[in-house]
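This report describes one protein model for a reader who has not met it before. It covers the domains, the pockets and a few points of the backbone.

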Amino acid sequence: MFHDILLARRKQGYQTFTYPDGPPPELPARFAGRPVIDAAKCRECPGPCVSQCPTGALTLAGGKPRLDMGLCIFCGNCERGCPREAIRFGRDHRFAAARREDLIVTGDSETVPSARNETAAKLFSKSFSLRVVSASGCGACEADTNVLTTLAWDLSRFGIHYAASPRHADGLLVIGPVAANMAEAVRQTGDAVPSPKCVIAVGTCAISGGIYKGLPENGNGCAPIVPVDLYIPGCPPHPLTILDGFLRFLGRI
């Protein structure tokens, strides 16, 4: 049996993606990447794109669309609802940002927001441990965060690990809208991480509350409880978006 296992493993060959030294893995056809707004196509109208946004992520400022990726669940309603095709979801997976305001997309937005954190790049670029807290998440962001530890992605090759205890972590990774009964757990876990430390919010719920924003049972993400150093939007964000955010945060790419 052991001989058969070795033969099967040899036949499989090298399974880990070469990214970022090589091309990124192929994204699925339905992948919704960084939103792109063509201001030249947008004209004064009743705003069907705005009315169809379930989270209020899309607004009109001076008659021009303004999309907050920190609220966006990437459902595509605005893309389908715009009669002039002024809004579309592109294929760029790089939209993690170090600043909350850089999640705002307009017709004048730069393509890739900065995610680099100078302190993290100096201290944690070679070894980075994160304590993951699922604060009432649905399981989707948890799944895409955990898949980075599998053979194909092999997160550990970058020196990035998920820690079993906040005492052994360099930072906190929060998933979910932070329900009322999880707020104290997030706060205490953040306090238990030794300084200097960082906080990463993965998924729209962790950034703003997402579809649960404003409900009394849920908070509006983790920012009111712990200061956030990296925002990775998405519902859920693709594993490539999460990995790209980690690596740019640490100054690795």
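Domain bounds, as used here, come from an automatic or database domain assignment. The model is a predicted one. Its protein is divided into domain 1 (35-92) and domain 2 (118-249).

**The two domains**

Between the C-alpha centres of domain 1 and domain 2 the distance is 27 Å. Where the domains meet, 7 residues of domain 1 are in contact with 9 residues of domain 2. About 590 Å² of area is buried between domain 1 and domain 2, and carbon and sulfur atoms give 73% of that area. On the side of domain 1, Gly70, Leu71 and Ile73 supply 61% of the area buried against domain 2, more than any other three residues. The count of salt bridges between domain 1 and domain 2 is 0.

**The pockets**

The table sets out the two pockets.

| Pocket | Volume | Nonpolar lining residues | Polar lining residues | Charged lining residues |
|---|---|---|---|---|
| Largest pocket | about 360 Å³ | 12 residues | 4 residues | 4 residues |
| Second largest pocket | about 190 Å³ | 10 residues | 5 residues | 1 residue |

The largest pocket, with a volume of about 360 Å³, is lined by 20 residues, and Arg30, Phe31, Ala32, Phe74 and Pro236 are the closest to its centre. Domain 1 and domain 2 each give at least three residues to the lining of the largest pocket.

In the second largest pocket, 16 residues form the lining, and those nearest the centre are Cys138, Cys141, Cys205, Tyr212 and Cys235. Helix 5 (140-146) and helix 7 (204-208) each supply at least two residues of this lining. With 3 residues, helix 5 gives the most to the lining of the second largest pocket.

**Backbone points**

Which residues does a cis peptide bond with an omega of about -5 degrees join? They are Cys235 and Pro236. Cys235 is among the residues nearest the centre of the second largest pocket, while Pro236 is among those closest to the centre of the largest pocket. Pro236 lies in the loop between strand 10 (230-232) and helix 8 (239-249).

A cis peptide bond with an omega of about 10 degrees joins Tyr19 and Pro20. The loop between helix 1 (2-12) and strand 1 (35-37) holds Pro20.

Glu85 is not a glycine, yet its phi is positive, at about 55 degrees. Glu85 sits in the loop between helix 3 (77-81) and strand 4 (87-89).

How values were computed: Residues numbered from 1 in each chain as written. Predicted model: local features only at pLDDT ≥ 70, side-chain atom pairs only at ≥ 80, totals over all residues. Heavy atoms only, no water. 1 Å grid on protein atoms, 1.4 Å probe; cavity = no way out; pocket = protein on both sides within 12 Å on 5 of 7 lines; lining within 4 Å. Points joined across faces, edges and corners; volume = space filled by probe spheres on them. Nonpolar A, V, L, I, M, F, W, Y, C, P; charged D, E, K, R; others polar. Helix = DSSP H or I, 4+ residues; strand = E, 2+ residues; numbered from the N terminus. Contact = heavy atoms within 4.5 Å. Buried area = accessible area lost by both parts, 1.4 Å probe. Salt bridge = Lys/Arg side-chain N within 4 Å of Asp/Glu carboxyl O.
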